[in-house]
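Work through the exercises below with the sequence and the coordinates open side by side. Each task is followed by a solution that goes step by step.

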Amino acid sequence: MRLPDSVTGSFLVALGAAAAYGGWILPPVPGQPVGPNVFPLVIGSGLALCGVAIVFGIGHSFEEEEELIPLEDGQAAAPPPQGRLESKLYGLRALLPPALLLFYVLAADRLGFIITAAIMVYVTSTALGAKWKLALPLAALSPFAIHLIFGKLLRVPLPAGLLPTPW
Amino acid sequence: MLKTLLDAFALISTWEVIIAMFAASVYGLVIGSLPGLSATMATALLVPVTFYLSPIAAIATIVAASSMAIFSGDIPGALLRIPGTPASAAYADEAYAMTRKGQAELALGAGVWFSAIGGIAGVLSLMILAPPLAEIALSFSTYEYFWLALLGLMCATLVARSSPVKAIAGMFLGLLVSCIGIENPGGVPRFTFGLTDLFGGIEPIPALVGVFAVAQVMRAMLTPEPPPLPRRKFGSIMAGQWKLTKQYHWQMTRGNIVGIIIGVLPGAGADMAAWVSYAMSKRFSKEPEKFGTGHVEGLVEAGASNNASIASGWVPSLLFGIPGDTIAAIAIGVLYMKGLNPGPTLFTEKASSMYAIYLMFIIANIMMIPLGIVMIRVAAYILLAPRSTVMPIIMLCCAVGSFAIGNNMFGVVTVAAFGVIGYVMEANGYPVAAMVLGIVMGTMVEQAFVTSLIKSDGSILPFFERPVAAILAAMAIGALLWPVMVWAWRKVKPAQTAAAASR
């Protein structure tokens, strides 16, 4: 997901301009010279300016040091998947966690917490390389444990759905 | 004074607080020791649980978990050369070199011992610095608050180990996120796009969980699993620590002081403190050639430093609501939720609660020694847990925790969205901490800014007229111009050397 600075910078320019415009068109508050429109205007302009600077590579020289810091050892030595297409698909795996969270939002009310959570755990675990012998028991047990802590102890109203818990 | 102290003791000597503190300590130790799970993430995932605790117990869990996690990140750093938290990254190589020399006990023992001392030094700084600063802060008007908030945001961008332009952009992004909702000077829906879910604005806590937890699971999807920890027998862990303390007492003190200063600076946290202290230790050492070959001196200084920054990070948080680091940013959210709104009056009106916080920090750091020793001995078993079992549980906690904050599915959407934002930002060199600070401080900055502008009738001059405001303004503007000066200096210097060479 390393994008060129020109792409991220241009995006920031667009976002900043949109924010400034959005602030501009907000209705003024009668009798109050400085209203809710000033702050987005300032922020938006600032963001757009930063975007321009990033597109032109200003401040890039400060970034060299960052490469030296291994947050997790071996991160640099990511497995090299064969072929260009495959490596692209490999990069898409990163989107799995947010996709699963959205799945939870859509499905939890209908399927219930236990079933939705079990699917989430199984998919995440398998994607990280677990065999079904590990992933299946984990998916079967962990939703109950989480439900016990949050649903029972902390009284979070988790949706029951198709499979209500025994407690 | 004595009565307040006794009140504070009464506040923390309930079963709820004791159990919460112990459980949070164990939790912090485990999460901190697992590579890829940071102390900030441990704290962020705790927040939903704190909703259901009394105010003091809630703060106790955060204090205990964050202190423990920072130490416990040293364990895989020393044994595997993989830092458990970014705060241990500075000296993981050094500690691993010691392990290979057969000095794992000394390295880990130094981790526990100097972390505990550093933590206590941090609390002392909190106790000494906060009350007099509160006296000064009582006379602050919105002008001072505006400059102070701006200074805080600028510090966060200065200390980021990345391009300052990208850090400032990250800060603006955070401020922009805080614009969403109807909580603004006009009370009109702003950037809500007609969605009722956005009327209340973006809650900082789900955003933090997304940026620190979901983004980490996303990264784990693309990185290989760390190697398992070889099982080993440990000798006495605390042996020789007293000797080290006497030998390196000056380094330890310097580490504590640097950690305290970096902790107080907004946005700069334990990882920054460890990097600076390690570098400083090497720079001023009598035997710098030993660094990198398994020399304990740097470990002493950096270990003393990163834990000191944890407690001192609470100074600006409690006084002004300006977080000293990302963990303190989460703590501020919890303080507001529990009716302990940050501000100078906290020290006069809720003095016993403040003393309770000091006491909990001290207790947590003392508890760290026995619990840390146990943790070092069982770490080999905990690190056996493969990532494919830990990460799915983290995902579930993200989903349930963000739902629990408002009993609202929109929280889960926020977490997912900020997971993607955090992942993309990190991958492209935009510091996430700057954005987090922007989100947390946005409303405060805007309020101070707009109120000041209304008071001054649109004029800029009153922003500089009060003496304290003028000083803060000078510092904030200096912080803004600093990267420009460094950049200019770097441009001039090669030209000079080139000119000298051609002569």
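A residue is called buried if 20 or more other C-beta atoms lie within 10 Å of its own, exposed if 12 or fewer do, and partly exposed in between, with the C-beta atoms placed from the backbone. The model is a prediction, in which local features need a pLDDT of at least 70 and side-chain atom pairs count only at pLDDT 80 or more, whereas totals for chains, interfaces and linings use all residues. Residues are numbered from 1 along each chain as its sequence is written, and chains are lettered from A and ligands numbered from 1 in the order in which they are written.

**Exercise 1. Determine whether B:Leu150 is buried or exposed, and state how far its C-alpha atom lies from that of B:Leu480.**

Begin with the element: B:Leu150 belongs to helix α8 (residues 142-159) of chain B, where helices (H or I, at least four residues) and strands (E, at least two) are DSSP runs numbered from the N terminus. Next, count the neighbours: B:Leu150 is buried because 21 other C-beta atoms lie within 10 Å. Finally, take the distance: the C-alpha atoms of B:Leu150 and B:Leu480 are separated by 9.7 Å, although these positions lie 330 residues apart along the chain.

**Exercise 2. Describe the overall build of chain B, and explain why its radius of gyration agrees with that of a compact globule.**

The secondary structure of chain B consists of 23 helices and 0 strands. The C-alpha trace spans about 75 × 70 × 55 Å along its principal axes. The radius of gyration is taken over C-alpha atoms, and the globule rule is 2.2 Å times the number of residues to the power 0.38. For 503 residues a compact globule would have a value near 23 Å, and chain B has 23 Å, so the two agree. Of the 503 residues, 62% count as buried. Among the contacts in chain B with a separation of 6 or more, 78% join residues 24 or more positions apart, a contact being a pair of residues whose C-beta atoms, placed from the backbone, lie within 7 Å.

**Exercise 3. Characterise the packing of α10(B) against α21(B), and then that of α3(B) against α16(B).**

Axes are lines fitted to C-alpha atoms, for helices over the stretch in contact, and angles run from 0 to 180 degrees between N-to-C directions. Angles under 35 degrees count as roughly parallel, over 145 as roughly antiparallel, 65 to 115 as roughly perpendicular and the rest as oblique.

For the first pair, the axes of α10(B) and α21(B) are 10 Å apart and the packing angle is about 170°, which means that α10(B) is roughly antiparallel to α21(B). The residues that meet are B:Pro204, B:Ala207, B:Leu208 and B:Val211 from α10(B), and B:Val432, B:Val436, B:Ile439 and B:Val440 from α21(B). By class this contact has 8 nonpolar, no polar and no charged residues, where Ala, Val, Leu, Ile, Met, Phe, Trp, Tyr, Cys and Pro count as nonpolar, Asp, Glu, Lys and Arg as charged, and the others, Gly among them, as polar.

For the second pair, helix α3 (residues 39-50) and helix α16 (residues 326-337) of chain B have axes that come within 9 Å and cross at roughly 10°, so α3(B) is roughly parallel to α16(B). The contributors include B:Thr43 and B:Val47 of α3(B), and B:Ile330 and B:Gly333 of α16(B). This contact of α3(B) with α16(B) divides into 6 nonpolar, 5 polar and no charged residues.

**Exercise 4. Compare B:Phe191 with B:Phe193 in phi and in burial.**

B:Phe191 has a positive phi of about 50° although it is not a glycine, and phi of B:Phe193 is likewise positive, near 50°. B:Phe191 lies in the loop between α9 and α10 of chain B, and B:Phe193 is placed in the loop between α9 and α10 as well. In burial they part: B:Phe191 counts as buried because it has 20 C-beta neighbours inside 10 Å, whereas B:Phe193 is exposed, with 8 other C-beta atoms within 10 Å.

**Exercise 5. Describe the side of chain B that touches chain A, and state the predictor's scores for the complex.**

In the contact between the chains, 72 residues of chain B meet 69 residues of chain A. Among the elements that give two or more residues to this side of chain B are α9 (164-179), α10 (204-222) and α23 (467-502), while α19(B) gives the most, with 13 residues. By class, this side has 51 nonpolar, 13 polar and 8 charged residues. The predictor gives the complex an ipTM of 0.85 and a pTM of 0.84.

Conventions. Contact = placed C-beta atoms within 7 Å.
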